[in-house]
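I keep these notes as a record of what I looked up, entry by entry, with the model open beside me.

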Amino acid sequence: MLKSIRSTFIMIHECISMSISNIWGNKVRSFLTVLGILIGVTAVIALITTVSGVSSSITSSFTSLGAGTISVSISGSDLKSGLTRDDLKTLTALTEVDGITPTVSLRAQVTCSGETQSNVNVSGKSSYYFHLNEDIVTHGRELNFVDEDNSSFVCLVSDEMVSTFFFAVNPVGATLYINGTPFTVVGRFKEDSSSGIASIFSGKANIFIPYTTALKMNNSSLVTSFTVYMSEGVTSSQASSALEAALDPMFSYEEDTYTITTMDSIEDTMETMTGMMATLLGGIASIALVVGGIGIMNMMLTTVTERTVEIGLKKALGAKPWQIQVQFLIESFMLSLIGGIAGVMLGLLLSLVFSEVIGSTFVVSGGAIVLGVGFSAAVGILFGWAPARKASRLNPIDALRSM
Amino acid sequence: MSTNHFFHMQNICKDYLMGEEVSHILKNVNLSIEEGEYLSVLGPSGSGKSTLMNIIGCLDVPTSGNYILQGRTVEDLTSGELADLRSREIGFIFQNSQLLPRLTAIRNVELPLIYAGVRPKERRRRATAMLERVGLADRMYHYPNQLSGGQQQRVAIARALVGNPSILLADEPTGALDQKTGKQIMELFQTINDEGRTILMITHDMNIAAHAHRVVHIIDGVLTEGGNTSDA
């Protein structure tokens, strides 16, 4: 028993070195055969790595932006269509809530020193917004509680507005007419680069005014949409249930009066989507692997036919059928393994280039590498099986007769 | 069926199906060989002598008849057991030496030992000794295409003997060689036989067959004893 294990080991060791010399001896043909597997594995690795890199970039930008926040949108009841300022104060007072920024926006015609621009995006902001985005104001001051309480006619203008209306003039202190109402410019803000995704939802605002003022200009006193910032160490489910508990009495426990959306649920959706994308692309790429496997099978069948003399000779020299089978299996295994390893390296290189070009993070997925190498090795054994079996069953006489 | 025969064949027939017709390649062949004998089978091409050699060499099984090699009934063995028997008992030499072109001389000689499961070190030692014996000590690391026909056939002889088989089966061992080289190979065969190894040689060349101690003739699948030629 021990002896047969040892001789098997010796045999397999010899088969590996013999198959390497056979593969090397037919360089061009081996390369072309391996190409199918190589392309397949490259595609699998490149797609999976790129997709997981892109999705981790998306997730991290979501996290940096939306972690710790909850969006609430109010559809309201017949009696009450939104939240008053006092309601918002009640919500802000919750221990789970750090602060609230209401979303109030309007499109307005802006006039200043004889020039008019219509359809300007004006956004109502709470003082808490400036607490969150401390660096946003470059000149002048932020909007504060006093502005909020008094619904003051003050505004902040974006860099873009400055270049439109106040070219080379300090805008602070100037007067701006929004839908005919005079506003005093108290400061200037730079476009918030980090709010890339938020601006997709709300549009890019060029003028900030106190949200209470914005409500007035919309002829309303009620907030219908706002973002809640959670206190530190509070989970979004804790915060949502606290919000629900506070919101329900405000709407007399009527159903369907508001919707609470946590970032967790958006992240989950994103993850499911990118996961599906990776699976789909991986599936398409594995078709290439199957095609590559057929290429290997074809090459091995040709090899068996070509090497009938060698097979017959080896049988005459005492090789058992299983030894012949193992030799050919190892050869196809080695072939596809070489293709697989080369494919993994090429795939990683490609996705590194991709990630540089599209600016996503480069994440080496261990699972993808195991999948690529493992799949190619499996392809080698699977598609090498039939040719190897054919070789092992070759009658030594028929094999030697072609001498 | 005495036990001191090296092998014993009784009423061996081999039929092949050629299209619709059954062609009888071997017809009731009876042949025995003693241990240490040097026998040659002489016959023209198509006489069935290669088929006979394949059956003796356990590469093929007879259609009918009885073949006993070293006390074992060959037709009862599986293909794995036949391979085992070939590995231990039989050394083959073919007409065109049949070396693997991608292996050096010494690696070619090592080949049977790989299938027998011999350790690399021991393998190398035995292959080296065998190549020295056939006079190729300085050609061990040459590839077959760097060797002359005679040298290639010597490598093939070394390969056939390296597993220490009890019988050497040679199919036209000098067929591809010039006369002078052929003579050298025959001298080598004589030395091998002198050491007690059984040799069965198949040839169509009467002059070559004459080197053996006993010659049998085969014509159209029928074997006839040709007498002792050792003193011819």
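Which strand order does the open sheet of four strands in chain B have, and is its pairing parallel or antiparallel? Working from a predicted model, I read the order as 2-1-4-5, with antiparallel pairing. I then looked at the edges, where strand 2 (21–34) and strand 5 (72–73) of chain B each have a single partner strand, so one side of each is left without a neighbour in the sheet. For strand 5 of chain B that partner is strand 4 (residues 64–69), which it meets in the antiparallel sense over two bridges, and I noted R72(B) in strand 5 of chain B as the bridge partner of L69(B).

**Entry: chain B as a whole**

I counted the secondary structure of chain B as seven helices and ten strands. Of its 232 residues, 47% count as buried. Among the contacts in chain B with a separation of 6 or more, I found that 68% come from residues 24 or more positions apart.

**Entry: strand 7 of chain B and its partners**

Next I turned to strand 7 (167–171) of chain B, in which five of five residues are buried. I checked the two faces separately: I167(B), L169(B) and D171(B) are buried on one side, and L168(B) and A170(B) are buried on the other, which leaves both faces covered. The split follows a general pattern, for in a regular strand the side chains alternate between the two faces of the sheet.

Strand 7 of chain B pairs in the parallel sense with strand 6 of chain B over four bridges, and it pairs, again in the parallel sense, with strand 8 (residues 198–203) of chain B over five bridges. I used L169(B) as a reference point, since F92(B) stands opposite it and L200(B) in strand 8 of chain B is its bridge partner. Following the chain onwards, I recorded that strand 7, helix 6 and strand 8 of chain B make a right-handed β-α-β unit.

**Entry: two buried helices of chain B**

How many of the 14 residues of helix 5 of chain B are buried? I find twelve, so this helix is largely enclosed by the rest of the structure; among the buried residues are the charged pair of names I had marked for checking, R154(B) and R159(B), along with G150(B), Q152(B) and Q153(B). The cover over the buried residues of helix 5 of chain B includes strand 6 (90–93), helix 3, helix 4 (120–133), strand 7 and helix 6 (179–194) of chain B. I also checked the length of helix 5 (residues 149–162) of chain B: at 1.5 Å a residue it should span 20 Å, and its end C-alpha atoms are 20 Å apart, which agrees. After helix 5 of chain B comes N164(B), whose phi is positive, near 55°.

Helix 1 (residues 49–56) of chain B has eight of eight residues buried, so it too is largely enclosed by the rest of the structure. The buried residues of helix 1 of chain B include K49(B), N54(B) and I56(B). This helix is followed by C58(B), again with a positive phi, near 65°.

**Entry: the contact between the chains**

I looked up the contact between the two chains, which takes 23 residues from chain B and 22 residues from chain A. On the side of chain B that touches chain A, helix 2 (79–89) and helix 3 (105–116) of chain B each supply at least two residues. I sorted the residues of that side into ten nonpolar, nine polar and four charged.

**Entry: a loop residue in chain A**

S231(A) lies in the loop between strand 10 (225–230) and helix 9 (236–250) of chain A. Is S231(A) buried or partly exposed? With 15 C-beta neighbours inside 10 Å, it counts as partly exposed. Leaving aside neighbours within four places in sequence, S231(A) is in contact with T95(A), E96(A), V97(A) and D98(A); the C-alpha atoms of S231(A) and D98(A) are separated by 4.6 Å, although these residues are 133 residues apart along the chain.

**Entry: confidence in chain A**

Chain A averages a pLDDT of 82, and 94% of its residues score at least 70. Confidence in chain A is lowest in helix 7 (residues 196–202), at a mean of 47, and highest in strand 9 (residues 207–210), at 90. Over residues 193–201 of chain A the pLDDT stays under 50, and for this stretch the model has six contacts beyond four places in sequence. I add a caution to myself: where pLDDT is low, the predicted coordinates should not be read in detail.

Note on methods. Residues numbered from 1 in each chain as written. Chains lettered and ligands numbered in written order. Predicted model: local features only at pLDDT ≥ 70, side-chain atom pairs only at ≥ 80, totals over all residues. Contact = placed C-beta atoms within 7 Å. Nonpolar A, V, L, I, M, F, W, Y, C, P; charged D, E, K, R; others polar. Buried ≥ 20, exposed ≤ 12 C-beta atoms within 10 Å, placed from the backbone. Expected span 1.5 Å × (residues − 1). Pairing = 2+ DSSP bridges. Right-handed = clockwise from strand over helix to strand, strands pointing away. pLDDT = per-residue confidence, 0-100.
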